[in-house]
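The following paragraphs walk through a single protein chain, moving from one helix and the strands it crosses to the sheet as a whole and then to individual residues.

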Amino acid sequence: MEKNVNIIMDCDPGHDDAIAIILAASKISRLNIEAITTVAGNVEVEKNTLNALKVSDIVGLEGVSVVQGADRPLLKKREIAGEIHGETGLDGPALPEIPSKQVSEGHAVDLIIDKVLKSDQDITLVATGPLTNIALAMMKEPTIVPKVQEIVVMGGGTFGNWTPAAEFNIYVDAEAAKAVFESGAPVTMFGLDVTHQAIATESIIHELSKIDNNVADFVVELLQFFSKTYKDVFGFEGGPIHDACTVAYLMDPSLFDFKQVHVDIETKGEYTYGMTAVDHLSVTGNEPNVKFAHNLHKSKFWDLFTNVLKSYSH
């Protein structure tokens, strides 16, 4: 039997971040959530932290610390995605204004450092927001880099959704992304090329709505709101649950096809800031630094997703 994977979820919940937490917290995930850390991204970090606490309440993550992190990118002004995730960052479902779970003391950067240093190369960082916290942790304590088992990133792609060239998470703090991608730590990347294959269509949401438990009801409400904003803003026929891909991969890597590539992060371009330059044809001659997900086995993915939601009935 395979051993559990120990993870720190560094996130900015966010509808798809919330769903990633729900997948990871399930009985069937084989994932041990060491902590949840929050970062400024989809909305301000304080709202993201509140959302992480509320999602933790819903799935009963009583023993897992939620620790707040960076409230702005390393160098540039803060950017939020209110038109996608709403004013609260988690608009749609009716949630209690005040969660019962409370934020833990300290800073996310220090928690990441502490957890990784005390580990035996068995901590995987799951980053579904901007990479500010992880970059700061590496800068503050470089000795954590060789001790990280893997950094699983939702970000980037060969096209953008925030600018023509840049995906939101990378665009918000491209300097942090550059530091992480160039750190030498193993990076597995789920960019828009693959996350746009994980679209919760109306028919999928209808099937999920048949699952009779509170967590499934919450996920359906998240997907209904997220799908509407994606249709209004991008014309999509459903919401792509980007961040859930990272956790689904850790549960079952065979859901995805990968390619080893070199990826550079653009930080100086007038039109290309935040672009992930994916060297598919090895034209640079640079050694691959990223395990790049490019294809999703959709039916297997949605089977796993459905089974996770059903597991909350027991």
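Helix H7 (residues 174-181) lies across S5, S6, strand S9 (256-265) and S11, and runs at about 115° to S9. This is a predicted model, and every value given here is computed from it.

The strands that H7 lies across include S5 and S6, and S5 is a convenient place to enter the sheet. Strand S5 covers residues 148-154; 6 of its 7 residues are buried, so S5 is largely enclosed by the rest of the structure. S5 pairs with strand S4 (residues 123-127) in the parallel sense over 5 bridges. Within this pairing, valine 126 stands opposite valine 152 in S5. The connection from S4 to S5 involves helix H5 (residues 132-140), and S4, H5 and S5 together make a right-handed β-α-β unit.

S5 is also joined to strand S6 (residues 187-190), by 4 bridges, and these two strands run parallel. The bridge partner of valine 152 in S6 is threonine 188. From S6, 3 bridges lead on to strand S11 (residues 290-296), again in the parallel sense. Threonine 188 has lysine 291 as its bridge partner in S11. A path of bridge partners can thus be traced from valine 126 to valine 152, from valine 152 to threonine 188, and from threonine 188 to lysine 291. In general, strands of a sheet pair through backbone hydrogen bonds, either parallel or antiparallel.

These pairings belong to an open sheet of 9 strands in the order S3-S2-S1-S4-S5-S6-S11-S9-S10, with mixed pairing. Its edge strands are strand S3 (65-68) and strand S10 (276-279), each of which pairs on one side only. From one strand to the next, the twist averages 30°. Helix H2 (residues 45-59) packs on this sheet, where it touches strand S2 (31-38) and S3; the direction of H2 makes about 175° with that of S3.

Another helix to consider is H4 (residues 108-118). Its buried residues are Ala108, Val109, Leu111, Ile112, Ile113 and Val116. They pack against strand S1 (5-11), S2, S3, S4, H5 and S5. The strands S4 and S5 and the helix H5 in that list are the elements of the β-α-β unit described above.

Taken whole, the protein chain has 12 helices and 11 strands. A compact globule of 314 residues would have a radius of gyration near 20 Å, and the 18 Å of this chain agrees with that. Along the principal axes, the C-alpha atoms fill a box of roughly 50 × 45 × 40 Å. Buried residues make up 58% of the 314 residues. The chain exposes about 13100 Å², of which carbon and sulfur atoms supply 51%. Among contacts between residues at least 6 apart in sequence, 83% join residues at least 24 apart.

Two residues give local views of the chain. Valine 219, in helix H10 (residues 214-234), is buried, with a relative accessible area of 1%. Leaving aside residues up to four places away in sequence, valine 219 touches Ile19, Ile22, Phe305 and Leu309. Phenylalanine 258 is 39 residues from valine 219 in sequence, and their C-alpha atoms are 28 Å apart. Asparagine 295, in strand S11, is partly exposed, with a relative accessible area of 25%. With residues up to four places away in sequence not counted, asparagine 295 touches Val194, Gln197, Leu255, Phe256 and Asp257. The C-alpha atoms of asparagine 295 and alanine 81 are separated by 26 Å, and the two residues lie 214 residues apart along the chain.

Some loop residues deserve a look at their backbone geometry. Most residues other than glycine have a negative phi, and most peptide bonds are trans. Proline 13 and glycine 14 are joined by a cis peptide bond, with omega about -5°; glycine 14 is in the loop between S1 and helix H1 (15-25). Arginine 30, in the loop between H1 and S2, has a positive phi, near 65°. At 23% relative accessibility, arginine 30 counts as partly exposed. Serine 282, in the loop between S10 and S11, also has a positive phi, near 55°. Serine 282 is exposed, with a relative accessible area of 53%.

Notes
Residues numbered from 1 in each chain as written. Predicted model: local features only at pLDDT ≥ 70, side-chain atom pairs only at ≥ 80, totals over all residues. Heavy atoms only, no water. Buried < 20%, exposed > 50% of the residue type's maximum accessible area, 1.4 Å probe, protein only. Pairing = 2+ DSSP bridges. Right-handed = clockwise from strand over helix to strand, strands pointing away. Rg over C-alpha atoms; globule rule 2.2 N^0.38 Å. Contact = heavy atoms within 4.5 Å. Areas by Shrake-Rupley, 256 points an atom, 1.4 Å probe, with all protein chains shown as cover. Axes fitted to C-alpha atoms, helices over the stretch in contact; angles between N-to-C directions.
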